[in-house]
Each structure stands twice: as C-alpha cells, then as structure tokens.
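Reader: I am new to this structure and would love a close look at one part of it. Could you pick a stretch, walk me along it, and show me what surrounds it?

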Amino acid sequence: MAQVQVYNQEGRKTSKLELADSVFGIEPNEYAMHLAVVSYLAAQRQGTQSTLTRSEVSGGGAKPWRQKGTGRARQGSTRSPQWTHGGIALGPKPRKYKVNINKKVKRLAMKSALSSKVAQSEMIVINKVELEEIKTKAVSEILSKLKTGKKVLIVLAENDEKIYKSARNIQGVKVVTVNTLCVYDILNCSNFVVLKDAAKKIEEVYA
C-alpha cells in the first residue's frame with residue numbers, strides 16, 4: 001500500500017494514510033498523461049477565429065484592367081489575396097480542436113499523475129481545514145506552514161466556499177473538487193495538497 005504523511009493545518013505531522021496501490025502506486029504511463037494534457041489544452045481553445053476569403057470581402061466585381069496590352073500582370077479582381085483589402089488565402093475558419101481519448105486511457109492518465117506525485121513526495125494530505133471566515137491570509141498561512149511552494153493545487157472532497165474564496169486571490173494556488181480534478185492541473189502544480197477525505201474519495205472513484 002502507498003503511504004503518505006498526514007498533516008494538520010498547523011503543519012504538524014499527525015499520522016500516516018494508506019492509499020490503494022491501484023490508484024496511487026502504479027508505474028506512471030507518460031504517453032497516457034501526454035494524451036490527457038493535449039486533450040485538455042485543445043479543449044481550452046474556442047476555435048472561433050475567422051478570416052474573410054476573396055468571396056466574402058466586399059468589392060472587386062469588375063476586372064481592374066483589360067487582360068492584355070497594359071504591360072501589367074493580368075488581374076481578375078481587386079479582392080484577390082495579393083491586393084490590399086483583398087481576401088485572406090488559407091486563413092483560419094471556425095473549427096473544433098477537440099482531441100478524443102477513450103475512458104481507459106483517461107483513467108490510466110489520472111492514476112499515473114496521482115502515482116507520480118506520490119512517488120516524488122509532492123502529495124501533501126491534510127486531515128482537515130477549518131476556517132472561521134473567508135480570509136485569504138488564513139489559507140496563505142496554512143500553505144506557508146506546509147511549505148508547499150509557489151504552485152499549489154488544493155483538492156476538496158466537496159465544494160467549500162470558505163476555502164475556495166479564501167484561496168482564489170493567492171497567485172499560483174488553485175482549488176478544485178474531486179469531480180473537477182484533471183491530469184493537467186495535477187502535473188502543472190509543484191505540490192498537490194489533498195484533504196484526507198478527498199484522498200479517500202479519489203481512491204473510491206478511480207479504484
């Protein structure tokens with residue numbers, strides 16, 4: 001069983017937590033993680049960019065000059081791509097950038113990302129976080145005591161408004177719930193901070 005140290009919000013070690021090797025102790029598959037990251041980043045693109053072709057720009061109905069005898073190159077329209085204010089040749093049009101990967105690869109990528117964090121000792125488990133009010137300084141102090149570094153991903157079992165609103169103004173800190181967790185966020189953070197109940201929920205979801 002994969003074991004991780006459990007801390008309290010004061011940064012003190014309290015116990016050790018055993019996690020399933022099938023989720024947190026597998027041999028990371030780099031190719032699966034790469035596909036998951038590519039798929040995620042592709043999905044972030046809106047794909048709404050668009051340019052006008054020569055058939056869509058206004059003007060250019062008449063031939064600029066006769067075909068022969070002028071000494072100039074033949075032209076059929078002032079809206080050809082080589083003309084100022086002409087259409088764009090081979091420009092972008094609205095499209096979907098979605099990259100599909102199957103469910104088994106998605107699960108493998110998630111398990112690989114989780115396992116890599118445990119193997120590199122970059123997963124910190126907290127037994128619980130209790131905030132009296134929404135206060136950025138409180139979360140900042142907790143992360144400082146845990147020595148998490150600059151880029152931190154905090155994973156909650158369920159949505160907690162106090163933690164979310166307290167952490168959202170801290171640069172480099174992102175708060176997600178188990179059901180919105182993705183491979184990109186895990187790999188993009190320097191430390192992966194998980195609440196104890198969230199760690200068990202991840203285990204249940206991906207076991």
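Author: Gladly! One term comes first: a residue is buried when its relative accessible area is under 20%, exposed when that area is over 50%, and partly exposed in between, using a 1.4 Å probe and protein chains only. The model is predicted, and for that reason local features need pLDDT of at least 70 and side-chain atom pairs count only at pLDDT 80 or more, while totals for chains, interfaces and linings use all residues. Residues are numbered from 1 along each chain as its sequence is written, and side-chain values use heavy atoms, with hydrogens and water left out.

Let us start in the loop between H2 and H3, where His85 is found. The labels come from DSSP runs, numbered from the N terminus: helices are H or I runs of at least four residues, and strands are E runs of at least two. His85 counts as exposed because its relative accessibility is 64%. The phi angle of His85 is near 70°, which is a positive value in a residue other than glycine. Leu90 sits in the loop between H2 and H3, and its phi is near 60°, again positive in a residue that is not glycine. With a relative accessible area of 88%, Leu90 is exposed.

Ile88 belongs to the loop between H2 and H3 too. Its relative accessible area is 43%, so Ile88 is partly exposed. Leaving out residues up to four places away in sequence, Ile88 touches Thr51, Leu52 and Thr53, where a contact means heavy atoms within 4.5 Å. Ile88 and Val57 are 31 residues apart along the chain, yet 9.2 Å separates their C-alpha atoms.

Ser80 has its place in the loop between H2 and H3, and it is buried because its relative accessible area is 5%. Beyond its neighbours within four places in sequence, Ser80 is in contact with Arg54, Gly86 and Gly87. A polar atom of the Ser80 side chain lies 3.4 Å from the backbone oxygen of Ser77. That is a polar contact: a pair of N or O atoms within 3.5 Å, where within protein one atom must be able to donate a hydrogen and the other to accept it, and residues adjacent in sequence count only if both atoms are side-chain atoms.

Now for the helix on one side of this loop, H2. Its 14 residues (30–43) should span 20 Å at 1.5 Å a residue, and the end C-alpha atoms are 20 Å apart, which agrees. The expected span is 1.5 Å times one less than the number of residues. Asn29 caps the N-terminal end of H2, with a side-chain oxygen 3.1 Å from the backbone nitrogen of Tyr31. Within H2, the residues Ala32, Met33, Ala36, Val37, Ser39 and Ala42 are buried. The buried residues of H2 pack against helix H3 (103–119) and helix H6 (183–188).

On the other side of the loop is H3, which holds Ser116. Ser116 counts as buried because its relative accessibility is 10%. Its side chain reaches the backbone oxygen of Ala113 at 2.7 Å. Not counting residues up to four places away in sequence, Ser116 touches Pro28 and Leu187.

These helices lead us to the largest pocket, whose volume is about 460 Å³. On a 1 Å grid over the protein atoms alone, a pocket is an open set of points with protein on both sides within 12 Å along at least five of seven lines, and lining residues have an atom within 4 Å of a point. Grid points are joined across faces, edges and corners, and a volume is the space filled by probe spheres set on the points. The largest pocket is lined by 21 residues, and nearest its centre lie Lys106, Met110, Leu181, Cys182 and Val183. The elements giving two or more residues to this lining are H2, H3, H6 and helix H7 (196–206). H2 supplies the largest share, 4 residues. By type, the lining divides into 13 nonpolar, 4 polar and 4 charged residues. Here Ala, Val, Leu, Ile, Met, Phe, Trp, Tyr, Cys and Pro count as nonpolar, Asp, Glu, Lys and Arg as charged, and the others, Gly among them, as polar.

Definitions and conventions. On a 1 Å grid over the protein atoms alone, a cavity is a set of points where a 1.4 Å probe fits but cannot get out, and a pocket is an open set with protein on both sides within 12 Å along at least five of seven lines; lining residues have an atom within 4 Å of a point.
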